[in-house]
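Here is a short note to help you find your way around this structure. Keep the 3D view open and follow the points in turn.

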Amino acid sequence: MPKEKIERQKMPEQKPHDRIKNFNEVPFGFPQEIAMKEAQRCLQCKKPACVKGCPVEVAIPEFIKLVAEGKFVEAARKVKSTNALPAVCGRVCPQESQCEKVCIVGKKDKPVAIGSLERFVADFERNTNAVKIPNIAEKKNIKVAVVGSGPAGLTCAGDLALKGYDVTIFEALHKTGGVLVYGIPEFRLPKVIVQAEVNYLTMMGVKVETNMLVGKVATLTELFKEGYKAAFVGTGAGLPMFLNIPGENLIGVLSANEYLTRVNLMKAYLFPEYDTPMVKSKKVAVVGAGNVAMDSARTALRLGAEKVYIVYRRSPEEMPARKEEIHHAQEEGIDFQLLTNPIEVLGKDGCVRGIKCIKMELGAPDESGRRRPIPIKDSEFEIEVDTVVVAIGNGPNPLLLKATPEIELNKWGNINANPETLATTMKGVYAGGDIVTGAATVIEAMGQGKIAARSIDKYLTGG
Amino acid sequence: MFKILAKEVLSDCVYKMVIDAPRIARARKAGQFVVLRIDENGERVPLTICDADAVAGSLTIVFQAVGKSTMQLGQMEPGQSIHDLVGPLGKATHIEKYGTVVCVGGGIGIAPVYPIAQAMRLAGNKVISLIGARTKNLLILEKEMAKVSDELLVATDDGSYSIKGFTSDLLKQVMARGIKVDLAVAIGPVPMMKAMANLTKTYNLKTMVSLNPIMLDATGMCGVCRVTVGGKTQFACVDGPEFDGHLVDFDELQKRLRTYNVQEKTAVEKFQHSPSCIDLAMAAQKQVK
Ligand SMILES: Cc1cc2nc3c(=O)[nH]c(=O)nc-3n(C[C@H](O)[C@H](O)[C@H](O)COP(=O)(O)OP(=O)(O)OC[C@H]3O[C@@H](n4cnc5c(N)ncnc54)[C@H](O)[C@@H]3O)c2cc1C
Ligand SMILES: Cc1cc2nc3c(=O)[nH]c(=O)nc-3n(C[C@H](O)[C@H](O)[C@H](O)COP(=O)(O)OP(=O)(O)OC[C@H]3O[C@@H](n4cnc5c(N)ncnc54)[C@H](O)[C@@H]3O)c2cc1C
Ligand code: SF4
Ligand code: FES
C-alpha cells in the first residue's frame with residue numbers, strides 16, 4: 001500500500017518581532033505527535049544515504065524508526081551510541097549540507113527533518129530525566145589530559161572515559177564548552193543544554209579543571225611529569241582576525257569573539273546585574289556572513305540596536321552560514337549589504353561614526369573554488385554606524401602551541417596531525433577540532449575527538 | 001575557589017591581598033598577571049602578580065579601588081574566597097644583567113614595578129627606583145621598594161611627602177649625575193608612561209612599559225586588548241603586557257580605555273562603598289577623558 005504523502009513538518013518558533021526582544025531560544029522544538037508524524041516520512045532506506053552524509057555516522061533510519069514508534073528514550077540512546085551531543089548537534093549542525101542534503105526523500109520532496117528529530121529525542125530524554133550513564137569499561141587507572149572543553153575535547157573525553165581511562169579536561173576559561181558557551185548565543189543554543197552535556201561527562205567520572213591555561217599554568221611536558229600518559233589538544237580556533245583597514249582600533253570596533261563572549265559567557269546583556277559592560281549601539285555593521293556573523297547581527301538586535309547590517313563581499317550563494325540562520329536573520333530585519341567590502345572605519349573623537357565601503361562584483365573562481373570578488377571602481381559609499389563587529393574568521397589559538405615547540409604546525413599555524421590517527425609530532429599527544437582543521441563545524445570537531453580517542457586508546461594499550 | 005589569606009589597607013583605597021593559589025605561585029615570573037572573577041556575576045579583572053611565595057603557595061596582589069569590581073574586592077576579608085583565578089598570564093619580563101636599571105613606578109604602578117625591580121636586582125643589576133604618587137596618602141610599597149633597590153627616590157605631585165614633583169623629575173635628577181643607565185622600566189597611569197617614554201627618548205634610553213588596556217579573556221581570543229606598537233597591532237594579554245615604550249601609541253590606548261566609561265559609572269553609582277574611593281574613581285574617569 002503506498003504511503004500517504006506527509007508534508008515536512010515545521011517546528012513552531014517565536015515570532016520575529018517578539019524574539020528580537022529576548023534571548024530565549026527561537027524554535028520551540030517538535031511536540032511529540034509532530035515528531036512521530038515527521039518520522040513517518042523516512043523511507044527506512046536499505047542503504048541510507050543520510051548516514052554517509054553524517055560525519056559521525058549517526059544511525060539515522062534506526063533512530064527515526066524508534067521515534068515513529070513512540071520509543072523516544074530508546075531513540076535517544078541510539079543516537080548517543082555514536083553522537084555524545086545530540087541536543088547540541090540537533091540545534092547547530094548544518095544539516096542541509098550533510099545528512100539532509102543526501103536524504104532520498106529530498107530528491108523529490110523536502111528531505112526528512114533529521115536535525116529536528118535528533119533535537120527532539122535528546123530533549124525528550126533530558127526533560128524526562130531519562131538520561132542514564134552508559135556502561136563503563138573497567139577502570140584502567142591511566143591518566144589522560146584533554147586540553148580544551150569545546151566539542152572536540154568533550155567528545156574525546158567522553159569516549160576515553162567509556163573505555164575506562166582516568167580523564168581530566170583542562171579549560172582556560174572559567175566555564176566549559178568552548179564556542180558552545182562563549183560563541184553561540186543563548187537564543188540558538190541554551191547554555192543549560194551544554195551544561196547538561198558536561199554534567200553527563202562528570203557523572204561518567206571525567207574530571208574538569210577550569211581556569212587552567214595549559215602552556216602557561218603548566219605545560220604539556222609538566223602534565224606528563226605529573227603522571228598523564230597521553231594528551232588530546234582541542235584548543236580551537238580562537239584567534240580573531242581583523243580587516244587591517246584604517247580606523248580598526250577606534251572605540252566601537254569589536255571582534256565577533258569579543259562581542260559574543262561579553263554577551264554569552266559574561267552575560268553582559270544583564271549589565272549591571274552582571275558586572276561586564278557592553279557597548280550601547282544604535283546602528284551596527286557586522287562584517288562577514290558566516291554563522292559567527294549571523295549570531296553577532298542577531299545579538300545586536302536583541303541588545304536594542306535599531307538597525308543592523310551584514311556587510312559581505314560576495315553574493316548570497318557564497319554566504320557560509322547555515323540556511324536556517326540566514327533565514328532567521330532576514331525575518332528579523334537584518335539589512336544584508338552583499339557584494340560590499342569595507343575599506344575604512346570612519347571615526348569622530350576616537351569613536352566609530354561609520355564605515356566606508358566599496359561595491360564588488362564576482363570574477364573567475366579563486367583557489368577556494370569560489371568566484372573572486374573584485375572591487376568596482378568609483379563605487380565607494382558610506383554607511384552610518386556606531387559599532388562595527390568584525391566576523392571574518394578565526395585563526396588557530398596560538399597560546400599552547402607557542403609553549404610547545406615539539407608540536408609541528410602547518411603553514412596556516414594549525415597543528416600538523418596525521419589525518420588517520422590525529423597523532424601530532426609530540427609523543428603521546430593527539431589533536432583535533434578547529435586547531436587542526438581550521439574553523440569548521442561542531443560535528444567535524446566531534447568526529448575528530450572520536451578518532452583521537454580511538455588512537456589514544458591504541459597508543460596506551462599498545463594495540 | 002581561591003581563599004584570601006591576608007589583607008592590608010595600604011593607603012586610601014589601595015589594598016594588598018595574599019591569596020592561596022599554589023599552582024600559580026609556583027609558575028609565575030616577574031611581569032605576569034592573573035585574571036580573577038570575584039563571584040558568579042563578576043567580570044574578569046586583570047591584576048599584576050605583585051609577589052609570590054612558591055613554598056607557601058600564595059601570591060600577592062595590590063590594587064586600587066577605581067570601579068565596581070575593585071571596590072567589591074577591597075571589601076572582601078581574609079577567609080572569604082574569590083571564585084575564579086587564572087594565571088600566570090602574559091609574557092614574563094625579560095630579565096638579564098643589563099648593568100644599571102631604573103625602575104619607575106607611578107601611583108598604583110608601583111605594585112607591578114616591584115616584582116620587576118626585585119628580579120632585576122636578583123639578576124645582578126644595580127637598581128635605582130623612582131616612585132611617586134599624587135599625594136602622600138597614595139604612596140605605596142615604599143619599604144618594599146627600598147629593600148629591592150640600591151637607591152630609592154620618592155616624589156609626590158603636591159609635595160606632601162619627600163620631593164615635590166613627578167617621577168620624570170626624579171629621572172632627570174638621576175640622569176643629570178651622568179651615570180650610565182642601561183634600561184628603564186616605567187609603569188603607571190598612561191599619561192605618566194607617555195611622559196616618561198618621551199623623556200627617555202631624549203636620553204636614547206631603552207624603556208619598557210607595561211600596558212593596561214581593557215581585557216576580557218586575556219588568552220588572546222577576543223582582541224579587546226589590542227594596542228598599536230611600532231605601527232603594528234599587538235594583543236597586550238599575550239604579546240605583552242610589556243612593550244618598548246618608544247614604539248607605543250599611548251594616545252590610542254588612552255582613548256580605548258574610556259570605551260565603557262558610561263557603564264562603569266553606572267556600576268559604581270549602584271555600588272555601596274566608602275565615599276573617598278568613589279570620589280577617587282570619579283576623578284580617575286575624568287582624568288581618562
Ligand atoms: C559564533 C560561532 C557560531 C558557530 N556556529 C556554528 C554552527 O551553527 N554550527 C556548527 O556546526 N558550527 C558552528 N561554529 C563552529 C564551531 O563552534 C567550531 O567548529 C567548534 O566549536 C570547534 O570545536 P573545538 O572543540 O575544536 O574548539 P572550541 O569550541 O573553540 O573550544 C576550544 C576550547 O579550548 C580552550 N583552550 C584554548 N587554548 C587552551 C589552553 N592553552 N589551555 C586550556 N584550554 C584552552 C578554549 O578556551 C575553548 O574553550 C560556530 C563558531 C562560532 C565562533
Ligand atoms: C595586565 C594588567 C595588569 C594590571 N595590574 C593592576 C594592578 O596590579 N593593580 C591595579 O590596581 N590595577 C591593575 N590593572 C588595572 C585593573 O585591571 C583595573 O583597574 C580594573 O580592571 C578596574 O576594574 P573595576 O571594575 O574596578 O573598574 P572599572 O569600572 O572597570 O573602571 C573604572 C575606571 O578605572 C579605570 N580603568 C578601567 N580599566 C582599567 C585598566 N585596565 N587599567 C587602568 N585603568 C583602568 C578607568 O578610568 C575606568 O573608568 C591592571 C590591568 C592590566 C590590563
Ligand atoms: S536517506 Fe532520508 S529517507 Fe533514507 S533513511 Fe535516511 S533519512 Fe530516511
Ligand atoms: S584580552 Fe582578549 S585578546 Fe587580550
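1. A good place to start is helix H15 of chain A, residues 291–302. Helix H15 of chain A lies across strand E7 (283–287), strand E8 (307–311), E9 and E14 of chain A. Its direction makes about 170 degrees with that of E8(A). Please keep in mind throughout that this is a predicted model.

2. Now look at the sheet in chain A. Its 5 strands follow the order E6-E14-E7-E8-E9, and the sheet is open with parallel pairing. Which strands sit at the edges, pairing on one side only? They are strand E6 (253–255) and strand E9 (335–337) of chain A. On average, neighbouring strands of this sheet are turned by 20 degrees against each other, direction ignored.

3. One pairing in that sheet can be followed residue by residue. E6(A) runs parallel to strand E14 (residues 387–390) of chain A, and 3 bridges join the two. Opposite Ser255(A) you will find Val390(A) of E14(A).

4. Elsewhere in chain A, try selecting Val73(A), which belongs to helix H5 (residues 72–80) of chain A. Beyond its neighbours within four places in sequence, Val73(A) is in contact with Phe124(A) and Ala130(A). The C-alpha atom of Val73(A) is 9.8 Å from that of Asp123(A), although 50 residues separate the two along the chain.

5. Chain B has an open sheet too, with 7 strands in the order E12-E11-E10-E9-E13-E14-E17 and mixed pairing. The edges are formed by strand E12 (163–164) and strand E17 (242–244) of chain B, each pairing on one side only.

6. Within the sheet of chain B, strand E9 (residues 100–106) and strand E10 (residues 126–133) run parallel and are joined by 7 bridges. Cys103(B) has Ser129(B) in E10(B) as its bridge partner. Helix H5 (residues 167–176) of chain B packs on this sheet, where it touches E9, E10, strand E11 (151–156) and E12 of chain B. The direction of helix H5 of chain B makes about 150 degrees with that of E10(B).

7. Another helix to display is H3 (residues 110–122) of chain B, which lies across E9, E10, strand E13 (183–187) and E17 of chain B. Helix H3 of chain B runs at about 165 degrees to E9(B).

8. For a hairpin, turn to E15(B) and E16(B), which pair in the antiparallel sense over 4 bridges. Val227(B) faces Gln234(B) of E16(B) across this pairing. With 2 residues between the strands, the hairpin has Gly230(B) at a positive phi near 60 degrees.

9. How do the two chains meet? In contact are 45 residues of chain B and 46 residues of chain A. The size of an interface is often given as the accessible area lost when the parts come together. Here, chain A and chain B bury about 3,700 Å² between them, with 54% of it on carbon and sulfur atoms.

10. The polar side of this interface deserves a look as well. There are 20 residue pairs in polar contact between the chains, both residues being at pLDDT 80 or more. Several elements of chain B supply at least two residues each to the side that touches chain A, including helix H1 (22–27), helix H2 (68–74) and strand E8 (84–89). E8(B) gives the most, with 6 residues. By class, this side of chain B has 14 nonpolar, 15 polar and 16 charged residues.

11. Finally, how many salt bridges cross between chain B and chain A? The count is 4. In one salt bridge, the side chains of Lys402(A) and Asp239(B) meet at 3.9 Å, N to O.

Note on methods. Residues are numbered from 1 along each chain as its sequence is written. Chains are lettered from A and ligands numbered from 1 in the order in which they are written. This is a predicted model: local features need pLDDT of at least 70, side-chain atom pairs count only at pLDDT 80 or more; totals for chains, interfaces and linings use all residues. Side-chain values use heavy atoms; hydrogens and water are left out. Contact means heavy atoms within 4.5 Å. Buried area is the accessible area (1.4 Å probe) that two parts lose on being put together, summed over both. A polar contact is a pair of N or O atoms within 3.5 Å; within protein, one must be able to donate a hydrogen and the other to accept it, and residues adjacent in sequence count only if both atoms are side-chain atoms. Ala, Val, Leu, Ile, Met, Phe, Trp, Tyr, Cys and Pro count as nonpolar, Asp, Glu, Lys and Arg as charged, and the others, Gly among them, as polar. Two strands pair if DSSP finds at least two bridges between them. Axes are lines fitted to C-alpha atoms, for helices over the stretch in contact, and angles run from 0 to 180 degrees between N-to-C directions.
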